[in-house]
Amino acid sequence: QVQLVESGGGSVQAGGSLRLSCVVSGYTYNDFSMAWFRQAPGKEREGVAGIGLDGRISYADSVKGRFTISKDNAKKTVYLEMNRLKPEDTAIYFCAACRAPCSTGSWDLRRIYTYWGQGTQVTVSS
């Protein structure tokens with residue numbers, strides 16, 4: 001059984017930093033492509049960052065230069081380091097995964113990810 005569990009969310013002032021973690025359990029971790037999504041109240045869930053099996057890393061334009069996605073295979077954990085946070089970054093952040101071969105499409109399409117975490121709240125105050 002595959003399970004994704006996010007942690008590391010919290011409240012921070014604008015300009016501050018947080019690091020989110022996503023621990024993946026199951027037997028197919030090494031075959032996963034991973035991504036972070038976020039959803040603010042009243043808005044659709046949007047892709048934030050993704051990392052593929054080929055090592056390709058992608059970011060949404062809104063976070064490029066501020067956020068960094070990385071992974072530790074030994075710990076079966078994917079991270080999202082968030083720096084210079086802005087109030088508009090406030091959202092629930094979700095970890096997502098697909099098992100190779102993933103469906104064809106852009107990394108930031110929700111439909112290609114078959115596993116999702118429960119989300120962790122990030123609140124940025126001005």
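**Exercise 1.** In which strand is Thr 120 found?

*Solution.* The model is predicted, so that local features require pLDDT of at least 70 and side-chain atom pairs count only at pLDDT 80 or more, whereas totals for chains, interfaces and linings use all residues. Residues are numbered from 1 along each chain as its sequence is written, and side-chain values use heavy atoms, with hydrogens and water left out. Thr 120 belongs to strand β11, residues 120-125, where strands are DSSP runs of E with at least two residues, numbered from the N terminus.

**Exercise 2.** Determine whether Thr 120 is buried or exposed, and describe its surroundings.

*Solution.* Begin with accessibility: Thr 120 counts as buried because its relative accessibility is 11%, the term buried meaning under 20% relative accessible area and exposed over 50%, with partly exposed in between (1.4 Å probe, protein chains only). Next, leaving aside neighbours within four places in sequence, list the residues in contact with Thr 120 (heavy atoms within 4.5 Å), which are Glu 6, Ser 7, Gly 8, Gly 9, Leu 20, Ala 91, Ile 92 and Tyr 93. For Gly 9, the backbone nitrogen lies 3.2 Å from a polar atom of the Thr 120 side chain. Finally, consider Arg 38, which is 82 residues from Thr 120 along the chain, while their C-alpha atoms are separated by 9.3 Å.

**Exercise 3.** Trace the pairing of β5 with β4 and with β6.

*Solution.* Take β4 and β5, which pair in the antiparallel sense over five bridges; strands are said to pair if DSSP finds at least two bridges between them. Within this pairing, Trp 36 stands opposite Ala 49 of β5, and in the hairpin, with six residues between the strands, Gly 42 has a positive phi near 75 degrees. Turn then to β6 (residues 57-59), which is antiparallel to β5 over three bridges, and where Tyr 59 is the bridge partner of Ala 49. The hairpin of β5 and β6 has five residues between the strands, and there Gly 55 adopts a positive phi near 85 degrees. As to burial, five of the six residues of β5 are buried, so this strand is largely enclosed by the rest of the structure.

**Exercise 4.** Which elements give two or more residues to the lining of the largest pocket?

*Solution.* The largest pocket holds about 380 Å³ of space. Of its 19 lining residues, those closest to the centre are Ser 33, Gly 52, Gly 105, Trp 107 and Ile 112. The elements sought are β4 (32-39) and β5 (46-51).

Key: 1 Å grid on protein atoms, 1.4 Å probe; cavity = no way out; pocket = protein on both sides within 12 Å on 5 of 7 lines; lining within 4 Å. Points joined across faces, edges and corners; volume = space filled by probe spheres on them. Helix = DSSP H or I, 4+ residues; strand = E, 2+ residues; numbered from the N terminus. Polar contact = N/O pair within 3.5 Å; in protein donor to acceptor, adjacent residues only side chain to side chain.
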